Amino acid sequence: NKEYMEQEPIPGVISDSWQAGPFGEKVMYLSQPGRDSMAKVLKEINSDAIWLNSMFSKNFSILPMRLWDGKTILSPRGMLAPEALKIKKTKKAIYLKLAGLMGWHKQVIFHATNEREEEYIRTHFPSNEIRLAPNFPSLRTSSHVPRPLKNTNVLRLVQLARIAPEKNNLFAIELLQGLKTNAAIQLDIYGSEYDAGYAGQCRALAATLPGNIQVNFMGAVSPH
């Protein structure tokens, strides 16, 4: 019932009971995720399969995968990319080795969002079934999407991602630093600071950009 990296519950959220979502789905926000609460959730749902959106999350991937007896679909979401595996490298390597020896992913169907991610998955799980499907579009539709006015020599960019090495925020700023232009460029980064040291590097580099290039750190985005 908390946003990633936050300590306080999301305002207005009712915890530990099923709630109706905006598209007719049922949603539960757990106040104390763990074996007991996850086992209770898995027992209550009437499902042919579960879909997990993380590779290394203890409470929301590893634990439900171990507790669930039915079909499991797992979306690594880029977490098996070589650069991502360099973060907490030893811990992840030990888990992948142990999981392989124990056969924890033997019956798992992996979901890859592109061919490159399919290759990353195949490197670690060569015998598993892998389904390739791009990220699903939003169900929200609009009959009219206004086109913003484009001003000459003005470029506005937005990055929606937490500030962490695997999100390449620093690389984005380095690209701006290398531009030879007089155009006005603005990059707004929306996301929580997952790594304080890395965020400091991003802010320090942003401060060295020329006057026509601006980087704004906007903080986390409200889920509403």
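Which residues does S75 touch, not counting residues up to four places away in sequence? Select S75 and show its surroundings: the contacts (heavy atoms within 4.5 Å) are W51, L52, N53, S54 and H111.

Before going on, a word about the model. It is predicted, so local features need pLDDT of at least 70 and side-chain atom pairs count only at pLDDT 80 or more, while totals for chains, interfaces and linings use all residues. Residues are numbered from 1 along each chain as its sequence is written, and side-chain values use heavy atoms, with hydrogens and water left out.

Stay on S75. You're in the loop between β4 (71-74) and α3 (82-85); helices (H or I, at least four residues) and strands (E, at least two) are DSSP runs, numbered from the N terminus. S75 is buried, at a relative accessible area of 1%, where buried means under 20% (1.4 Å probe, protein chains only). Now add H111: its side chain and that of S75 make a polar contact of 2.7 Å (N or O atoms within 3.5 Å, one able to donate a hydrogen and the other to accept it; residues adjacent in sequence count only if both atoms are side-chain atoms).

Next, jump to α7, residues 196-206. Colour Y198, A199, C202, L205 and A206, which are buried. Look down the axis: they fall within an arc of 130° and so line one face of the helix (the arc is that of the directions from the helix axis to the C-beta atoms). Show α6 (169-177) and β9 (213-219) to see what these residues pack against. At the start of α7, a side-chain oxygen of D195 comes within 3.1 Å of the backbone nitrogen of G197.

Last, colour by pLDDT, the predictor's confidence in each residue, from 0 to 100. The protein chain has a mean of 90.

Note on methods: Buried means under 20% relative accessible area, exposed over 50%, partly exposed in between (1.4 Å probe, protein chains only).
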